[in-house]
Amino acid sequence: MSVLLLVLSALVLIYFSIGGKTAAIIMSAATLVGVAQDDWHILSFLIGGLLLALALLVVMPSDLRREKLSRPLLGWVRGRLPKLSSTEEEALKSGSVDWDGELFSGKPEWNKLLDAAPAHLTSEEQAFLDGPVEELCNMLDDWQITHENYDLPEEAWSFIRKNGFFGLVIPKEDGGKGFSNTAHSEIVMKISTRSVSAAVTVMVPNSLGPGELLMHYGTEDQKQHYLPRLAGGEEIPCFALTSPIAGSDAGAIPDKGIVCKGQWNGEEVMGLKVTWNKRYITLAPVASLIGLAIKVYDPENLLGEQDEIGVTCVLVPRDTEGVHAGTRHLPMNTVFMNGPTWGTEVFIPMDQVIGGQDMLGKGWTMLLECLSIGRSISLPALGTGAGKLASLATGSYALSREQFGRTISQFEGVQEALEPIAGYTYMMDAARLLTVGMLDRGVRPAVPSAVLKYRNTDLMREVINHAMDIVAGRGVITGPRNFLARAYQAVPIGITVEGANILTRSLMIFGQGSIRCHPFIVDEIEAAGMDDKEAATKKFDDIFYSHLAHTTRNSLRAFVLGLTKGLLETAPRQGDIQGYYRQLGRFSAAFAMMTDVTLLTVGGGLKARQRLSGRMADCLVHLYYATAVIKQWHEEGYPEDQRDLVEWSLQTCLHDLQNSMREAIINFPVPALRWPLRILVFPLGATGLNGPDDKLGAKVAATIVDDTPARQRVSRGTFTTEDPNDPLGRVLNAYRLANETHEMRQRLHEAIRNRNEDELDGIALLMGHQRKELVDWACAQGIVTADECPKLEEALTALYDVIRVDAFEPDGLKSLAKTAKGKRKVVERPKKKH
């Protein structure tokens, strides 16, 4: 009895995070009661002594504890903690932690999620979307852009510049729009549903570009000179980070600037001789202002005693002597301006360093801060836009396309593909809105930005592939009728740029998140790196025992919640989804415990354990997206018409989360820990979370087929048109007519099924070429009335037209090839002069 009392006392204290003197008193009382109730045998003595010692540890005199326990522990922990490079240390200092920290805590406070200010558009921002953005979309012809002009039309370039699309985030006092991050995301997303090339053209100057760097770090003179010119389109900016060898790793770039004196505008000034070779730089072929990330060196010590100053961001006007740009890359048949830029010993004054001379060597921190913003907006918006376009167009096509006398949306195989299109698009949109809401609250979400970039571009691939399967032959024929081709071709671009997804998943998300978001690790790393041993021991002593309690609590919570299927976890009542909250709380505890075990046992070897890091990253991704769905449903007032989408998303995330954690445990690099981890996380086995069933899947598929508020919600923010000569408009026009003529077409189908063999005299069936003859026959037979005939013929014509594909005369293809050849120009980099 005494043993049970002691153990239960300890478990309750740990589970409810009760420590300090309170814990010591309770454990002492439990020990005394145990002694009074029965014989004090050796087992009671051992367990009681151990638990009491742990409880009394926190009330031990601090000097004694530091000397006898903390100092040797610090030496042991120092060898286990991951070693950070200088760029990683800077990365940890940049950005901020928000909801991602709650997920790493093991006990997320749901009210922090639900009460956080949501993503929101002002009336001015909505008016811009309804006005200039709509107008821009209307002037874009994707086929013409990508196969004839290999560029946006001149009127679009002029419109973008004159209407402030390059200055969306620049403050109004500097000539910009001063829009929120939410507005930026919505604008990019809507344009992307019309033209990926136009969306990229707009998004780059507003995400990673000189404009944002100048806003945050520029000198007053730089802001006053450049920001109005950028906002008004007088300057077209680009920012060049990627080098052929180093990629986007600024810490490894070979591009350099040597401190020296030189001539600028007829005067001798202090400056830099800059040599660079960059590629994949969006807008570089047309940019008038080139931002560069370089490493600065001062071999003559003109600025001090430091030879290597470090990564620095500079501005180079395109017309500066020695600057080369203008040639183009062609990224997967999307024709946004992208190309290389290079220069050799190009002199610029210190005034062209962003932030001036004082910001030399601080470029990596500047880039990290801005990357966390841009990565949260640009590509996630593109991915969501592709999902919304696929949902709208493919759902419409599935209803309009008929075989065997019924719409293909009724075939279970097609529903199986429609289901993830709708569900994943809803998830992408929810995660996008959660993250831009953080940005608008002033958060700099470094880890969520990586989560969002990786997952939204990955889900974009899933959604577009499913859409292509449904559209089938209609989707693989190139031509102006194809409404999916450009999104399909753009998928690898989104997955590759701003950090390739393989590296983002296997290195960045969990590698950075496990340290940045952990409540104790950063302080412990700092303590381990301190030269002052006394100060290091004191700092370590202040946090290590809290960390120990944190790990123990999460281990216990994971086990208990696993045994009870989360029933002991408190959950908000809104939405009647308490079961999902409890499972998410359970897996958050398991994830936090697994994080600690990984850091303790793998430590500095985590970079090499990229399969483990990737699986743990997937766990965080699924936690983040599930909670984003809850947040979005909460903000919209829990509309019942979205429940199927919400439950599908939550069940999918929990199923994938369970599998990712199971795989991480099965393959854990310390074999001796696999069974203990499996028992703690899955005490009843990895079962019970099987994902959505077929019934729910069919309902979710219907959300983008049936003309309901749920369909409008999934596709909200998409550019739409019903122009039958437009690739998307052709499908939406057919969809409308299909709905309007559904009942009369059903009558026609029934009559055809019941006809005599020779009754139609060879007239083709519904969707055939002789539509007028078919309608005339139906009218003569009384199947449809005379008033219905014109509408029925219009619908049959539209339904047939929607399945047609483009065909080119040989001369037409030769004309296209000739145009392409005339546009193609290969320019070799000039040899360096010696």
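Biologist: Let's start with C137: is C137 buried or exposed?

Modeller: Keep in mind that this is a predicted model. The general idea is to look at relative accessible area, where anything under 20% counts as buried. C137 comes out at 0% relative accessibility, so it is buried. Another cysteine, C653, has a relative accessible area of 1%, and therefore counts as buried too.

Biologist: How many disulfides does a search of the whole structure find?

Modeller: A disulfide is a covalent bond between the sulfur atoms of two cysteines. Here, searching the whole structure turns up zero disulfides.

Biologist: On to helices. At what angle do the axes of α17 and α20 cross?

Modeller: The trick is to compare the directions of the two helices, and an angle over 145 degrees counts as roughly antiparallel. In our case, α17 (residues 446-471) and α20 (residues 501-516) have axes that cross at roughly 155 degrees and come within 9 Å. That's why α17 is roughly antiparallel to α20. The crossing of α17 past α20 is left-handed.

Biologist: Which residues make that contact?

Modeller: From α17 you have A446, V447, A450, V451, K453, Y454, T457 and D458, while α20 brings N501, T504, R505, M508, I509, Q512, G513 and R516. Sorted by type, the residues of this contact are seven nonpolar, five polar and four charged.

Biologist: And how do α20 and α21 lie relative to each other?

Modeller: Same approach: 65 to 115 degrees counts as roughly perpendicular. The axes of α20 and α21 (residues 521-528) cross at roughly 80 degrees, coming within 7 Å. The two helices are therefore roughly perpendicular. S514, I515 and R516 of α20 meet I521, V522 and I525 of α21. That contact splits into four nonpolar residues, one polar and one charged.

Biologist: What about a residue in a loop? Where does G575 lie?

Modeller: G575 is in the loop between α22 (533-564) and α23 (578-601). With a relative accessible area of 16%, G575 is buried, because the cut-off is under 20%.

Biologist: Which residues is G575 in contact with, leaving aside its neighbours within four places in sequence?

Modeller: They are W633, Y638 and R643. Sequence separation and distance in space are two separate readings: G575 and W633 are 58 residues apart in sequence, and 8.3 Å apart in space from C-alpha to C-alpha.

Biologist: One last try, on N733. Which helix holds N733?

Modeller: N733 sits in helix α29 (residues 727-740). Its relative accessibility is 9%, so N733 counts as buried. Beyond its neighbours within four places in sequence, N733 is in contact with E722, P724 and A798.

Technical notes. Residues are numbered from 1 along each chain as its sequence is written. This is a predicted model: local features need pLDDT of at least 70, side-chain atom pairs count only at pLDDT 80 or more; totals for chains, interfaces and linings use all residues. Side-chain values use heavy atoms; hydrogens and water are left out. Axes are lines fitted to C-alpha atoms, for helices over the stretch in contact, and angles run from 0 to 180 degrees between N-to-C directions. Helices (H or I, at least four residues) and strands (E, at least two) are DSSP runs, numbered from the N terminus. Angles under 35 degrees count as roughly parallel, over 145 as roughly antiparallel, 65 to 115 as roughly perpendicular and the rest as oblique. A crossing is left-handed if the near helix is turned anticlockwise from the far one by less than a right angle, and right-handed if clockwise. Contact means heavy atoms within 4.5 Å. Ala, Val, Leu, Ile, Met, Phe, Trp, Tyr, Cys and Pro count as nonpolar, Asp, Glu, Lys and Arg as charged, and the others, Gly among them, as polar. Buried means under 20% relative accessible area, exposed over 50%, partly exposed in between (1.4 Å probe, protein chains only). A disulfide is a pair of cysteine sulfur atoms within 2.5 Å.
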